[in-house]
Each structure stands twice: as C-alpha cells, then as structure tokens.
Amino acid sequence: MEPFYEEHEDETSLELPAEPMKLNMGPSHPAMHGTIRMVLELDGETVRDVDIQPGYLHRGFEKSCERGTWAQVFPYADRLNYVSPMLNNVGFSLAVEKLCEIKVPDRCTYYRVILGELARISDHLTCNGATAMELGAFTPFLWIIKVRDWVWDLLEQETGARMTHSFGRIGGMAAPPTPHFKEATLAIFPEIDRAMLETEKLLLHNRIFLDRTQGIGKLTAERAIAMGCTGVVLRSTGVDYDVRKTNPYMHYDQFDFDVPVGHDGDNYDRFMCRFEELRQSMKIIKQAFDKMPNTGSVTSDDVRFVLPDKQEVYHTIEGTIAHFKLVMEGLKPPPGEVYSFTEGGNGELGFYIVSDGSGTPYRVRVRPPCWYNLRTCREMLIGDMIADIIPTFGSINMIGGECDR
Amino acid sequence: MGAVNLADVMDGSFFTTRFEDLIAWSRRWSLFQYPFVTACCGMEFMSLNGPRYDGLARFGAEAPRFSPRQADLLWVVGTIVQKQGPALKRIYEQMMEPKYVVAFGTCASCGGFYDNYATIPGIDKVIPVDVYVPGCPPRPEAVLDGLMLLQEKIQTGDRGPRIVPPKELPRLTQLKKKTSTVLLALEEQKRLEAEKERASALLAAQHHDDDELVER
Amino acid sequence: MSKKVLDRLASAFGDRILEATSFRGDDQAVVAPKDWKEIAAFLRDDASCAMDHFLDLTAADYPERDGPRFDVLLFLRSTKLNYRVRLKTRVGDGDSLASLMSVWPGADWGEREIYDMFGVKFEGHPDMRRILLYDEFDGFPLRKDYPIEKTQPLVAYRNVEGIDKLPPFGPDEGQPFSRIDWNARLEGKDLPVSPAISVQVGKRKALSQGSEDVEPVSEE
C-alpha cells in the first residue's frame, strides 16, 4: 500500500487488498436456526459466495426406519418437519396406503385434512413470526406464539400432545375426533385472523421491514424450477404449483380454495404468500368440517393392516393373533416401491418407500422440500449483504429436522 | 438462618455467608441464557418464551446472549448430533465460570430414540450438565420446573446433576395414599350415610318438638 | 397416469429403456448407467415430455441381488404438462455415474447426499464431498452392511464416573435393537426372525467397558 503523502490523481490508483474475506456463520447461530453453517465469502458486507453446510441435525431418520416396523416410523416422521407434524404423519400414511391399496373411510380423510391444515397453520405462523422477530419486530412474534399455543391446545385435545403427536396410523388415525372439536376450532379462527391482521398492520407499512424484505432474496421462476424448489419458495416466483391442486389427494378437489402466488420471488412475496395460505387453510378447514361425517370409524377395517378392536383382541383368538402379528412382526405391505407426495408445509413432501414384503421397511426416503429450497438459498444470497441473510434464510422456512433428516 | 453465633460474627464468616447467599440469590435471578437450539424442542422453547408461559422473563432469565462470553446458562435444546459436538464443546469452553447447563429434552439428556450412528447419546458425554429436563418435547411447565430446580441448585451451591421428576396429578397421589378406589368409595358411602342419619335424627327431633307444642 | 412419457421414451430409445413399469400409478423407466445423462436430458428437452421440474435424486441399496448393488432414482415432473416419471438406473459398488448438474442444477445436493450415504460417486460434479455427515466419518451409513449403532464420535466422550452409554433397554426387554442383522444375513447366516424377539439378540456393552459393537449371541 502506498504511503499517504504521495500525490495521487484519484484514489482508484491505490492498491488496496481485495481478497474476499471468509466468514463463518456457524452452526450455533440464532439466525441459522441452530443447524446450518454458512461459510461466507465477503467483499466488504456483500456476499460473493456462500457455502451452505447442512447436516448439523442429521439424525439418521432413513436408517432408523429400517430397524423397526412400518408403524414405528410415525414418531420419526413426526420429527421431520416438526412445526407441522401432522402433515408428515399423513404423508407417510398415504404412502403406505398407496402401496397396500387400503381405502380409508371418509371421516378419516376429512379428519386428516383438518389436522393437516391446522399443522400448516401452525407452520406458517411460526415461520412468519420468527422472520418478524429476527428482523427486530418482537411483538408480532409474541402475538403469533399466543395464537399458535391455541392451535396447539386444539391439537393436544385431539391427539394428546402439543407438538409431536404420532397420531397417524396406517389405515386411519389413532382415535376419532373429540365431540367439541368443531366448535373449539372455529372459535379460535377469529383470533388467528386478528393476530394476523395486527401483525400486518404493524409490519406492512414499516419502512424497515419493507426495505429488508422487498427486493431481497430474489429468485427467478426458471431457476427455482431447475433447482427443484417447491412450496412457497416456488409459488412466490409466480409458478402456481400446489400439489393439492395439481394432483389432488384426500378430497382436496372438492374444496374451494385459492393458491396464493407471488411475482418477484423475494422475501416479501414469501412472507405474504404464507399469510395468504394460512387464510386459505382456515377456509379449507371450515369446508372440511361441513363435509365430515359425524359418525363412523376413523380407521379402515382391513384386518391385514389395521389393529383389531380391543374387544376382539381380548375375546377372540383371531383378534389376539392378528394383534400380535401386527405389533410384533409389523404389517406387511406387498413388495414394491411407491412414491407418494403431498403438500407439506414447505412444499412437496414425498415419501418413496420400498417394501420387501416383510414387516420392516426396506427403504424409506423422504423427499425433503426444504433441502432443495436451502440449496437455492445460495443463489438468493449472492449479491446481497450479510444483514440480508437473516430475512432470506428465515423466509425459506428451513426446518432442520426435515432438511437433514 | 437460625441463631447467630457470637464467634461467627466476631471472625466475619457470618458476613461472608450472607454475602455468598446474596451473590447466589442475584445469580439465580439474573441468568443470561445462551439458547443452543437445534430441533423440535426449539418450538417448545419458543412457546416457553411466549406470552402464555412467559417462562424465562418471570425468572429473570429472559435476556438471550448469543455470545458465550456473555452468557452463564447454556440451554441445550434439541438433538445434538456428532457433527455438532465440537461446536457445543467449544461454546461451553468459551463460557466463563460460573456456568450452568440445562439439557432441554430427551435428545439432549440421553439421545432420545435416535440411538444411531449420527447422534450424541446425551450431551453429558461432551459437557457436564446441571439439570436434565426429560420430555419429547417437554411441556413448558416441565422446563419451568427444571429452571426452578436449577435456581435451587444455584442457591445452595450444589453442582451435581439433577433430573426434573414427572409431576403427578393430585387425584393420583390421593388415590395412591388410600389402598384402592373401592375402599375410597366405601368410606365415602359410610360418611354419607352417617350424615343422613344425623340429618334425619335432627328432623325427627324437630317434629317431636313441634308435635309437643301442638299437643300443648 | 404419465404413460405418454414412457411411450415417448420407448419410441425414442427403444431397447435402451430396459424396463418400463407402472405400479400403483407410478411410472418408472429403468435405463443403463451409460445412458443416464442422455435420457435425463432428453426428458427435459423433448417438447412432449418437458420435464423441467427436478424433484428428487435418491438411491437404495440391494446388496443381496445379483447384479449392481445400488438403485439410483431420479424423480421428475413437468410443470406444463403435469407428468411425473421416475428414472432408475443400477450402479455397482465402486462405479460412478454421470452427474446431472448440467441438466438440472438442483441435482447438486442430491448427488452429494447419495455419495455421503451410499458411496456412489458422480462424475462431473464440481464439489463431491460429504454433506450430511462430517468429513472424518468413515463408511457409508445407508448401506445395509453399515451397522446402525456404530458411532464415530468427533468429540471424545467424557470420562466421568457413572456416565455410561448403557443399552436403552436390557438385551431381552423392550424393542430389540434391530430387527435384521444385515451383516449376518449377508454372510448367509440369516437367523430366522422370531416374532417375539428378532434376530439380533445382542449384548450391548457399556461404553466404559470397551467397544460398542454388538456381539450377536449364537442362537440354537
């Protein structure tokens, strides 16, 4: 570097060191949600390149599935996308039912829809609340957590647990809905609406919020499609791909709901898409309650896969044997492989399962929507500044359990 | 505190003990937390900080310090996998004494049901733990129990590991005290019958008095 | 449902599509490893398939079958035509496959994960390193012969009195550790699966007592 006292015509002739700086945004970082390590190559504050290193929550889901029975996958599946556990449960049930060709009663289907959409509500609330908090708006986070606790109360009443319910079963659900489910659910919808409205009032005219989300983390539709993005990340770029509409499952073709689509692919679009999807989820739940039959079983009566009624188990030898074999050996799907996909909280949640005809799964692969979304985050971050990493990363809703499995 | 010994006051240890108590009191009510949040338990951690449970603010433990140099309570929330182990150990080593560690959740306490190649079977294999809060995920009330347990430990200066015990429903405790529900019901029945007899005796006495009045 | 794609592939490639099946509504085509990239690119570029949406790339391990051990699967979708197809190829242990990154950049992490979990390398991938596990990890966990409980700690476990990794349950209680002892099975010593307790009646020792490998007890 040249001494200062020398005359220069302009400063550009000074030789300044210009190597990019490497900065580690380590795994234990609040903005990284604790499980992603980003090694940033910085030019001042601008990100030139980022090496995203996941795997800090790799808990061996796929290998663990191979060591139990098919029904023992449910607790592991719950903890994949742990903010919307019912969606994972339902997704896995649908996959095995597709392979086994089990038909479940309508009551079960609508029940699954309702619980799944409640889980989606909880997921989108958490994501937006956390994004707001990380941008400094702590109050909406508290409102959203208050509302989310009510949703969890509902789920606790139904399934027994606030969060990781393990409520799905192959061929049905673990228990029928409680008598006051409908009233309790519909009672909190106005509260959810109010919390969202107040959050929007606080945030959407706030200069800081808008500056930090609009135009930041942009993604083009072509890039998103080629990268394998699905869910809100893809819809915010303008592609309206929602599994519930393109490949309807579980009576979604009978519900009247819209799919919110953005156009810029930036953080703001993702934030707004999530809130809109939340409102659509509430709409779906109301319709599902109207359509759901009030009586009837929530499990299929296929004895090969579903546990028999306890009365039969205790009083008939066939029931005892069936119960024993289903629990000890596991239910036995026919050999084959199947890929079943549903709309998870983050996008297309797919389960590719391979069965060798025994009670133990041979291979369970979950297609994690946020795995490919996270890979796309790199493109979104290049060119932005360090401070933009926080809202961008928050808006893709990377859930460690699903991403790293 | 008990009776004060003149000898203690004379050599000053009375004041140092009180002073130590004061320091311990101030430490327990002003914990600076380092939330090392990884997995599902993080959602319950969010709820814990939320308006319903208002967990940590009530106990003075709300201020999160995302630098280990400034924190004294390490909340290890969620599964710690082998890849994350060096990070956890380093964070713990960078904290300054006195430091406390709470293992939030089963995965942090013992690895949970992720007993496989990827997970550390409990963070106590890597760092010493003060309080274990079991649960998958633990209810926020259980975590508050853990925090209060930690506070007691800080007050008494105890550094051994403690586990949050499961809470019983009061009815269950009551039932356990009696030998069986049948006996409970029988006792209840006897009590009711005794009351009925007393009431009818009182009523009969009253009628008798009335009759006597009428007769007169 | 997407039979048209399979028909188009058959008409374009003929014999090079080794199998084309439709099971439970899923359409699948099996190709040889040398045709992997070409057929994948065809699926993207051909107007009647237009499989521009890359969904997933994964693998499965079949050590017991004759022939190549790994199945590598590609899941694709067409945004315009809403077709779905699964492309499969069979790769042996130690063989490598062409990388699809130039066709869909999203294949990047999919391929790294397959390498990490199975050991299948992809030629042409710019950054072939482990992604979910750490670099010091030795072995490929999702292979059937990798025992699930074999940990390779990065940080040495503390040496404190009384802290041991005891088996989660005793060897004869609760859920036995694994239903299938793959290593025994691959050697041909496949003990029959009893419904009550599975093959692997192992004795797991505490960490402090030495290795944590499971020693299967021979069953009479």
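Two strands are taken to pair if DSSP finds at least two bridges between them. With that in mind, the predicted model can be read from strand E7 of chain A outwards.

Strand E6 (residues 336-343) of chain A meets this criterion with E7(A): the two run antiparallel and are joined over 8 bridges. Together E6(A) and E7(A) make a hairpin, with 4 residues between the strands. Within the turn, A:Gly347 has a positive phi of about 150°. A handy landmark for the register is A:Thr342, which stands opposite A:Leu349 in E7(A). E7(A) also pairs with strand E8 (residues 363-367) of chain A, again in the antiparallel sense, through 5 bridges. Here A:Val354 faces A:Arg363 in E8(A).

E7(A) itself spans residues 348-355 and is mostly covered, with 8 of its 8 residues buried. In a regular strand, side chains alternate between the two faces of the sheet. In E7(A), A:Glu348, A:Gly350, A:Tyr352 and A:Val354 point one way, while A:Leu349, A:Phe351, A:Ile353 and A:Ser355 point the other way. The residues of both sets are buried. Two of the residues already met as landmarks can be placed in this pattern: A:Leu349, the partner of A:Thr342, and A:Val354, the partner of A:Arg363, point in opposite directions from the strand.

Attention now turns to where the chains meet. Contacts between them involve 27 residues of chain A and 28 residues of chain B. On the chain A side, the elements that give two or more residues are helix H1 (61-65), helix H5 (138-159) and helix H16 (400-404). H5(A) gives the most, with 4 residues. Sorted by class, this side of chain A comprises 10 nonpolar, 12 polar and 5 charged residues.

Chain B offers a helix pair to look at. Two packed helices are described by the angle between their axes and the distance between the axes. Helix H2 (residues 13-28) and helix H7 (residues 140-156) of chain B pack at an angle of about 160°, and their axes lie 8 Å apart. An angle over 145 degrees counts as roughly antiparallel, and H2(B) and H7(B) are therefore roughly antiparallel to each other. Their crossing is right-handed. H2(B) contributes B:Ala24, B:Trp25, B:Arg27 and B:Arg28 to the contact, and H7(B) contributes B:Gln151, B:Ile154 and B:Gln155. By class, the contact between H2(B) and H7(B) has 3 nonpolar, 2 polar and 2 charged residues.

How values were computed
Residues numbered from 1 in each chain as written. Chains lettered and ligands numbered in written order. Predicted model: local features only at pLDDT ≥ 70, side-chain atom pairs only at ≥ 80, totals over all residues. Buried ≥ 20, exposed ≤ 12 C-beta atoms within 10 Å, placed from the backbone. Contact = placed C-beta atoms within 7 Å. Nonpolar A, V, L, I, M, F, W, Y, C, P; charged D, E, K, R; others polar. Axes fitted to C-alpha atoms, helices over the stretch in contact; angles between N-to-C directions. Parallel < 35°, antiparallel > 145°, perpendicular 65-115°, else oblique. Left-handed = near helix turned anticlockwise from the far one by under 90°.
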